[in-house]
Amino acid sequence: LWGRGERERERERVATAVPTDRGPVPEFEVVKWQWHHVQGPYLVAVWILIASLAKILFHLSSKVTTVVPESCLLIFLGLGLGGIVLAAAKKPEYQLDPDTFFLFLLPPIVLDSGYFMPSRLFFDNFGTILMYAAVGTLWNSFTTGTALWCVRLAGLMVDADLLDFLLFGSLISAVDPVAVIAVFEEVHVNETLFIIVFGESLLNDAVTVVLYKVFNSFVTIGSENIQALDYVRGVASFFVVSLGGTAVGIIFAFVLALISRFTKRVRIIEPLFVFLIVYLAYLTAEMVSLSSILAVTFCGLCCKKYVEANISQKSRTTVKYTMKTLASSSETIIFMLLGISAVDTSIWTWDSGLVLFTLLFTFVFRALGVMMQSWVLNHFRLVPLDRIDQVVMTYGGLRGAVAFALVILLNDEIVKAKDYFVATTITVVFFTVIIQGLTIKPLVKWLKVKRSDHHKPTLNEELHERAFDHILAAVEDIVGHHGYHYWRDKWEHFDKKYLSQLLMRKSAYRIKDEIWDVYHKLNVRDAISFADQVRKFSFVSMPSRTSFSETSVTNLLRESGSAVCLDLQVIDTVRSGKDREDTVMHHVLRENLYKPRRRYQGNYSRHFIVKGEQERQEREVFQRNMRSRLESFKSTKHNVYSSKNKCRHKKEHKCQKKASFLSIVFTQGSGVKTLDVFSGGIKKMRRICCCRKNMVFERKLKLLNQCAELCPIQTILPVKPHSHFCQCRLGHYRGTGVR
């Protein structure tokens with residue numbers, strides 16, 4: 001308080017002082033240079049801008065990006081920029097700071113990977129991933145460190161202790177998730193091979209963190225002061241770090257899903273909750289020295305199902321684009337800063353023996369570990385990992401920025417060979433990312449590795465997959481073996497009965513039980529839409545549609561002039577919550593039932609997002625309906641019906657002779673419902689068609705052929721009138737060709 005009062009009195013004295021000739025009189029400055037005030041954020045913005053412009057330049061030439069991975073180009077750019085800065089300033093100004101990397105750059109990449117990870121594929125191969133991540137990392141760390149120490153005893157490299165080499169082996173042996181994503185997403189290997197290598201790079205973080213901390217503590221304590229209890233604590237810390245990080249991620253995923261259930265009135269902040277809570281999970285794990293990568297991975301993996309069901313479509317799009325933008329920007333900055341950091345010669349010292357033997361041992365022991373573990377796993381896997389898969393897994397063990405950040409964190413006063421380890425780490429990272437990244441795509445082509453088929457499972461595939469899951473679970477239950485399918489079936493039952501009801505909004509959960517009712521209503525709307533379309537081809541005269549409550553579909557068609565709009569999610573004129581649920585369900589059915597042949601590009605890239613093909617799909621649906629009617633007209637024209645069908649049509653004609661309306665009959669199970677579409681005009685229509693039968697028919701046939709040529713497709717799915725979902729049948733009238 002005394003100092004504050006003194007400062008106030010000094011300011012008053014200066015303000016009231018009379019200027020003298022002893023110094024210059026202060027003047028008003030119109031513009032003032034304040035670089036120190038904006039230096040930090042300005043440099044960050046400039047680096048992001050340079051990285052973004054570099055990505056644009058790289059993708060201007062498709063030939064370059066198909067041969068050279070983007071990560072390699074970014075490293076070369078970093079080397080060039082680092083050389084320019086070093087030549088201009090005579091000293092290195094920038095490098096990859098470990099705290100910046102772990103707290104700001106790594107979380108978006110891991111979040112994007114965990115949130116969009118195919119959960120079914122991940123858990124199907126969870127045992128294989130866990131074995132490669134835990135046993136494989138332990139094998140690589142101890143064998144690499146021990147082998148380097150043996151070479152040091154021969155006098156072929158820098159002098160260091162066994163604990164120093166084991167510490168170095170723990171940080172250089174782990175597969176890096178950033179490098180794996182950057183390289184493998186451009187190779188497009190099959191999903192199983194990708195998820196094994198990528199899952200290993202995520203789950204081995206717990207092993208890497210534990211080994212790094214244990215050996216770093218042992219080096220600090222000294223080999224002569226280590227007791228047996230310290231080894232026990234080191235083993236226990238592995239389970240604490242791994243299971244603790246996973247538990248933190250699951251807890252925050254539960255909190256995020258529960259919060260998203262109550263954001264119906266504040267849709268604008270839904271994306272904020274997703275990023276904020278996941279980042280808090282990462283920081284919480286870091287705060288208590290647990291595996292932060294596992295926390296973010298399982299948080300994104302566990303919360304996606306419930307969050308996606310609760311938030312709006314616009315929020316889902318915002319989360320998707322923002323997450324991929326942050327991840328792509330972070331990855332770009334990481335590789336560029338790696339290149340810049342390599343120019344700083346003050347942080348590393350070269351030792352040829354250490355570099356060469358490290359490259360040799362990391363590759364050889366990686367190959368031996370993959371072969372031995374694959375031999376064990378193939379005794380339990382339904383689809384074994386063949387030799388080609390093992391070669392790709394060995395060659396895909398890339399190292400990256402995680403190893404560089406860990407080696408920078410070493411204390412040079414305790415680890416005397418830190419500068420040699422830094423130079424070796426930079427060399428190994430550059431070799432794996434550049435050399436192996438450049439050659440892995442030709443290697444995959446030469447070995448004829450199975451590629452990803454890039455499509456989302458069709459409705460038929462999903463139904464068969466679900467049926468096989470239930471069958472296998474039932475078989476395991478009958479034989480008394482509680483295997484993987486049995487426990488997955490139990491989990492799905494528990495999730496449906498408890499978790500979904502707790503974490504999902506009632507409207508999002510209830511629509512699953514009303515699929516049949518919604519499907520019935522959708523067929524009514526589609527029939528009305530089709531009747532509105534066929535009026536353009538002079539089929540029949542339709543009355544006013546104001547008698548129906550759902551007029552938004554046909555009104556939208558009339559205003560937009562499109563073919564057939566089956567996606568009701570673009571319509572905002574819904575009257576109640578029930579109508580909104582029906583709209584959402586219609587969107588779900590449109591994605592599966594109306595477009596069973598649609599293919600999705602199932603890539604893992606965060607740089608490209610597949611756009612929708614709404615217009616093409618609408619044309620396809622309309623063309624399919626026209627083709628089915630065309631086949632009906634052809635069969636009526638050329639009398640291809642069998643005698644049995646003719647008798648059946650005559651009976652139907654006699655039954656409907658006295659009717660004055662056209663009806664659409666829906667059958668589902670044992671229930672039959674009839675909807676009157678329009679009345680009157682049957683006699684007039686029959687008389688006109690009998691008089692002008694040939695001319696009208698030929699005109700309709702010509703118009704339909706022209707329509708079919710507007711949007712041709714390769715294959716046409718035949719319409720099955722006896723489908724178990726529903727049966728739509730219109731009365732068949734003699735001479736009209738209308739069914």
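The exercises below, each with a worked solution, concern a predicted model.

**Exercise 1. Helix 8 and its surroundings**

Task: Determine how many residues of helix 8 are buried, and which elements cover them.

Solution:
- Step 1. Locate the element: helix 8 spans residues 162–172.
- Step 2. Apply the cut-off for burial, which is under 20% relative accessible area. Ten of the eleven residues in helix 8 meet it, and the helix is mostly covered.
- Step 3. Identify these residues: L163, D164, F165, L166, L167, F168, G169, S170, L171 and I172 are buried.
- Step 4. Look for the cover. The elements over the buried residues of helix 8 include helix 7 (126–153), helix 10 (191–221) and helix 15 (352–377). Helix 17 (401–408) and helix 18 (418–447) also belong to this cover.

**Exercise 2. A residue of helix 10**

Task: State whether N204 is buried or exposed, and which residues it touches.

Solution:
- Step 1. Place the residue: N204 belongs to helix 10.
- Step 2. Judge its accessibility. N204 has a relative accessible area of 2% and is therefore buried.
- Step 3. List the contacts, leaving out residues up to four places away in sequence: N204 touches A133, T137, A174 and V175.

**Exercise 3. Backbone angles in two loops**

Task: For H188 and S289, give the value that phi is near, and the loop in which each residue lies.

Solution:
- Step 1. Recall the general expectation: most residues other than glycine have a negative phi.
- Step 2. Examine H188. Its phi is near 60°, a positive value in a residue other than glycine. H188 lies in the loop between helix 9 (177–187) and helix 10, and with 28% relative accessibility it counts as partly exposed.
- Step 3. Examine S289. Its phi is likewise positive, near 60°, and the residue is not glycine. S289 is found in the loop between helix 12 (270–287) and helix 13 (292–310). Its relative accessibility is 40%, so S289 counts as partly exposed.

**Exercise 4. Aromatic pairs**

Task: Give the count of aromatic pairs, and classify the pairs F184 with F194 and F238 with F239.

Solution:
- Step 1. Count the pairs whose ring centres lie within 6.5 Å: there are 21 aromatic pairs.
- Step 2. Classify F184 and F194. Their ring centres are 6.4 Å apart and their planes stand at 55°, so this pair is tilted. It links distant parts of the chain, with F184 in helix 9 and F194 in helix 10, ten residues apart. F184 is buried at 1% relative accessibility, and F194 is buried at 4%.
- Step 3. Classify F238 and F239. The centres lie 5.2 Å apart and the planes are at 70°; because planes over 60 degrees apart count as edge-to-face, the pair is edge-to-face. F238 is partly exposed at 24% relative accessible area, and F239 is partly exposed at 45%.
- Step 4. Follow the ring pairs further: F122, F123, F126 and F298 are linked into a cluster.

**Exercise 5. A charge over a ring, and a surface patch**

Task: Find the ring over which K324 lies, and name the residues of the nonpolar surface patch that includes L368.

Solution:
- Step 1. Inspect K324: it lies over the face of F116, at 4.7 Å from the ring centre.
- Step 2. Collect the patch. L360, F363, V364, L368, M371 and M372 together form a nonpolar patch on the surface, with about 500 Å² of accessible area.
- Step 3. Consider one member. L368 is in helix 15, and its relative accessible area of 38% makes it partly exposed.

Definitions and conventions: Residues are numbered from 1 along each chain as its sequence is written. This is a predicted model: local features need pLDDT of at least 70, side-chain atom pairs count only at pLDDT 80 or more; totals for chains, interfaces and linings use all residues. Side-chain values use heavy atoms; hydrogens and water are left out. Buried means under 20% relative accessible area, exposed over 50%, partly exposed in between (1.4 Å probe, protein chains only). Helices (H or I, at least four residues) and strands (E, at least two) are DSSP runs, numbered from the N terminus. Contact means heavy atoms within 4.5 Å. Rings of Phe, Tyr and Trp (its six-membered ring) pair if their centres lie within 6.5 Å; planes under 30 degrees apart count as stacked, over 60 as edge-to-face and the rest as tilted. A charge sits over a ring if NZ of Lys or CZ of Arg is within 6 Å of the ring centre and within 35 degrees of the ring normal. Patches are made of residues with over 30% relative accessible area and no salt bridge: like charges are joined within 9 Å, nonpolar side chains (Val, Leu, Ile, Met, Phe, Trp, Tyr) within 5 Å. Accessible areas come from the Shrake-Rupley method with a 1.4 Å probe; for residues, only the protein chains shown count as cover. A salt bridge is a side-chain nitrogen of Lys or Arg within 4 Å of a carboxyl oxygen of Asp or Glu.
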